[in-house]
Amino acid sequence: MQIKIKTDKFEFKAELNESKTAKAIYESLPIKAKGFRWGGEIYFSIPVHVEYENPKEIVAKGDLAFWPNGDAFCIFFGKTPASLENEIRPASAVNIFGKIISPLDNLNFVKDGESIIVERD
């Protein structure tokens with residue numbers, strides 16, 4: 001399953017994994033939301049709720065994750081305020097449900113409060 005994540009100026013393609021989290025999010029698309037920055041993370045609330053599924057405390061650059069504590073879609077591309085040394089650490093455990101497969105550099109230019117659209121590709 002592939003999706004597109006669009007901001008005001010950029011578009012990113014991502015591949016979803018086979019998890020229950022990925023399927024629930026894919027079925028809810030399209031989603032339009034206001035994105036927020038937390039260091040090297042962009043996150044936004046989505047109308048999906050799933051419980052923890054193989055939760056991770058540390059993620060990789062480009063990972064897409066769902067934060068069950070806030071029903072949030074998270075895009076990780078760098079260190080967050082919770083990171084120690086060079087790790088990428090969410091605020092708390094997340095379900096990884098996919099990965100960005102296009103270049104990540106432009107994620108640095110997405111502004112806090114910018115509109116984000118997630119749709120099937």
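Phe-97 sits buried in this predicted model, with a relative accessible area of 0%. Its partner is just as easy to place: Phe-73 is buried too, with a relative accessible area of 0%. Phe-73 and Phe-97 make an edge-to-face aromatic pair, with 5.2 Å from centre to centre and 75 degrees between the planes. Phe-73 belongs to strand 7 and Phe-97 to strand 8, so the pair ties together parts that are 24 residues apart in sequence.

In total, the count of aromatic pairs comes to 5. Another of them joins Phe-10 and Phe-109, whose ring centres are 6.4 Å apart. The planes of these two rings stand at 35 degrees, and the pair therefore counts as tilted. Phe-10 is found in the loop between strand 1 and strand 2, while Phe-109 is in the loop between strand 8 and strand 9, so this contact ties together parts 99 residues apart in sequence. Phe-109 is exposed, at a relative accessible area of 51%. Phe-12 joins Phe-10 and Phe-109 in one aromatic cluster.

Then there is helix 1, which covers residues 20-28. Thr-21, Ala-22, Ile-25 and Tyr-26 are its buried residues. Looking down the axis of helix 1, these buried residues fall within an arc of 125 degrees, so they line one face of the helix. That fits the usual geometry: an α-helix has 3.6 residues a turn, so residues three or four places apart point the same way. Lys-20 and Glu-27, on the other side of helix 1, are exposed. The cover over the buried residues of helix 1 includes strand 1, strand 2, strand 6, strand 7, strand 8 and strand 9.

Definitions and conventions: Residues numbered from 1 in each chain as written. Predicted model: local features only at pLDDT ≥ 70, side-chain atom pairs only at ≥ 80, totals over all residues. Heavy atoms only, no water. Buried < 20%, exposed > 50% of the residue type's maximum accessible area, 1.4 Å probe, protein only. Helix = DSSP H or I, 4+ residues; strand = E, 2+ residues; numbered from the N terminus. Arc of directions from axis to C-beta. Contact = heavy atoms within 4.5 Å. Phe/Tyr/Trp six-rings, centres within 6.5 Å; stacked < 30°, edge-to-face > 60°.
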